[in-house]
Amino acid sequence: PDLSRLGPDALTVTATQLRGVLARSAAPVKARLLDQSRLAGVGNLLADETLWRAGIDPARPAGDLDPDEVRRLAGHLRRTIALLLERGGSHTGDLQSERHVGGRCPRDGAELERRTVGGRTTYSCPRHQVR
């Protein structure tokens, strides 16, 4: 594959690089994270897990995140990737077992919201993931 067409590696992305990926975009933040030409290595499960851990709603316009949110998201992205690699893959996230209708947020017990964001099935917590 032509690796020159890929964005920065999600495992090592800095807040500054991530700010560039998200800046001036009206697309949902989850869609930007999944766009391999913008950021390499993020799939659907990893995006949901990372956004859940960062407390960011997947449907928020990417360009609307403030600098503190971008820094928080970059840190959670790197830490989540490292943790899930250690556990054996993206299917080992804390949110994974609750990704079903009626599933509950492992953090606060709220019923998870299921919707389509960026063309992908998305689970998020309506209570702690800021819109």
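Strands β1 (residues 113-117) and β2 (residues 120-124) run antiparallel and are joined by five bridges. Keep in mind as you look that this is a predicted model. To find your way along the pair, start at Val117, which stands opposite Arg120 in β2. Two residues lie between the strands of this hairpin, and Gly118 has a positive phi near 60 degrees.

Now let's turn to the helices. Find helix α3 (residues 44-54) and helix α4 (residues 67-87): their axes come within 9 Å and cross at roughly 125 degrees. How are the two helices oriented to each other? An angle between 115 and 145 degrees falls outside the parallel, antiparallel and perpendicular ranges, so α3 and α4 are oblique to each other. The crossing of α3 past α4 is right-handed. On the α3 side, the contact is made by Leu46, Glu49, Thr50, Leu51, Arg53 and Ala54. The α4 side brings in Arg72, Leu73, His76, Leu77, Thr80, Ile81, Leu83, Leu84 and Arg87. Sorted by class, this contact has eight nonpolar, three polar and four charged residues.

Stay with α3 a little longer. How many of its eleven residues are buried? Ten are, and the helix is mostly covered. Among the buried residues are Asn44, Asp48 and Trp52, along with Leu46 and Leu51, and these last two also take part in the contact with α4. What covers the buried residues of α3? The cover includes α2 (29-34), α4 and β2, and with β2 we are back at the hairpin, where that strand pairs with β1. Finally, look just past the end of α3: there you will find Gly55, with a positive phi near 70 degrees.

Methods: Residues are numbered from 1 along each chain as its sequence is written. This is a predicted model: local features need pLDDT of at least 70, side-chain atom pairs count only at pLDDT 80 or more; totals for chains, interfaces and linings use all residues. Side-chain values use heavy atoms; hydrogens and water are left out. Two strands pair if DSSP finds at least two bridges between them. Helices (H or I, at least four residues) and strands (E, at least two) are DSSP runs, numbered from the N terminus. Axes are lines fitted to C-alpha atoms, for helices over the stretch in contact, and angles run from 0 to 180 degrees between N-to-C directions. Angles under 35 degrees count as roughly parallel, over 145 as roughly antiparallel, 65 to 115 as roughly perpendicular and the rest as oblique. A crossing is left-handed if the near helix is turned anticlockwise from the far one by less than a right angle, and right-handed if clockwise. Contact means heavy atoms within 4.5 Å. Ala, Val, Leu, Ile, Met, Phe, Trp, Tyr, Cys and Pro count as nonpolar, Asp, Glu, Lys and Arg as charged, and the others, Gly among them, as polar. Buried means under 20% relative accessible area, exposed over 50%, partly exposed in between (1.4 Å probe, protein chains only).
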